Amino acid sequence: MKISVITIFPTFFDSTVVGITARAVQTGLLEIEVVDLRQQAEGAHRQTDDAPFGGGPGMVMMPEPLARALEPLEDSHRVFLGPAGTPLTQHHLDRWAQVDHITLLCGRYEGIDQRVIDHYIDEEVSLGDFVIAGGEAAALVVIEGVSRLIPGAVGNPLSTDLESFRDGLLEEPHYTRPADFRGLTVPEVLLSGDHGRIEEWRRQARIERTRQVRPDLIDPTDRPSIDS
């Protein structure tokens, strides 16, 4: 699999290849290509942004450099990371992990020229209902989220099968040694050796944790207050 990233800050990705992502790259399962958008811009200053038509604050990323960077990648699945996109979910990552080549376009400033989104982008995705300075941090999230799903990247495939959101629920709490940590003990059932009871405890714990922390996953109309 190949992931291309288009950005005006290529050094943002100097420390990308760590952990599972590093293993995927080192074993040839993943290739990461960082495209410096300024190399597609003209003029002495390699300008990539300009004032918006109609006035208003901030700058908008110009269409020409973006088009030049995206056109050679037309055979990839091109994703723009911006706040107006569909909220990123595990489903996105699962789907993208099955694609041979995806491109992640990192916006900056007030955004990018809408004509680029309309004609060169296959999908627009957001990390959530908040705004950050640019798409680079979002691209790092996507890279790590996708790379761990590439077959062979994770030692035990069950690690990605039995986790939050797989069955519409959050994962259950986890415990490890010691069984008694400063007077705080592990649930007795986990020490029982009774696999049937343990599995039932885990199932109930997933339901209860989801009901308490993310009730919207169980009932989408029951969304937590923004002030909670």
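S76 touches H101, I102, T103 and D122, leaving aside residues up to four places away in sequence. The model is predicted. S76 belongs to the loop that links α2 (63-70) to β5 (77-87). Is S76 buried or exposed? Its relative accessibility is 6%, so S76 counts as buried; the cut-off for buried is under 20%. The side chain of S76 also has a polar partner: one of its polar atoms lies 2.6 Å from the backbone oxygen of L73.

From this loop the chain enters β5. Which strands pair with β5? One is β6, which runs parallel to β5 and is joined to it by five bridges. Within this pairing, F80 has L105 of β6 as its bridge partner. The other strand to consider is β7 (residues 123-126), which also pairs with β5 in the parallel sense, over five bridges. Here T86 is matched with V125 of β7. Helix α3 enters the picture next: β5, α3 and β6 form a β-α-β unit, and the unit is right-handed.

Now turn to α5. This helix covers residues 136-147, twelve in number. From first C-alpha to last it reaches 16 Å, close to the 16 Å expected at 1.5 Å a residue. Its buried residues are E136, A138, A139, V142, I143, G145, V146 and S147. What do they pack against? The strands are β1 (2-7), β2 (31-36), β5 and β6 (101-106). The helices are α1 (19-26) and α3 (90-96). Thus β5, α3 and β6, the elements of the right-handed unit, each appear among the packing partners of α5.

Helix α7 comes last. It spans residues 195-213 and has 19 residues. Its reach from first C-alpha to last is 26 Å, close to the 27 Å expected at 1.5 Å a residue. The buried residues in α7 are I198, A205, R206 and T210. Why do they fall on the same side of α7? They cover an arc of only 120° around the axis, and that places them on the same side of the helix. The face turned away from this buried side carries the exposed residues G196 and Q212. The buried residues pack against α8 (215-218).

The N-terminal end of α7 is capped by D194. A side-chain oxygen of D194 lies 3.2 Å from the backbone nitrogen of G196. G196 therefore has two roles in this account: its backbone nitrogen takes part in the cap, and G196 is one of the exposed residues on the face away from the buried side.

Notes. Residues numbered from 1 in each chain as written. Predicted model: local features only at pLDDT ≥ 70, side-chain atom pairs only at ≥ 80, totals over all residues. Heavy atoms only, no water. Helix = DSSP H or I, 4+ residues; strand = E, 2+ residues; numbered from the N terminus. Buried < 20%, exposed > 50% of the residue type's maximum accessible area, 1.4 Å probe, protein only. Polar contact = N/O pair within 3.5 Å; in protein donor to acceptor, adjacent residues only side chain to side chain. Contact = heavy atoms within 4.5 Å. Expected span 1.5 Å × (residues − 1). Arc of directions from axis to C-beta. Pairing = 2+ DSSP bridges. Right-handed = clockwise from strand over helix to strand, strands pointing away.
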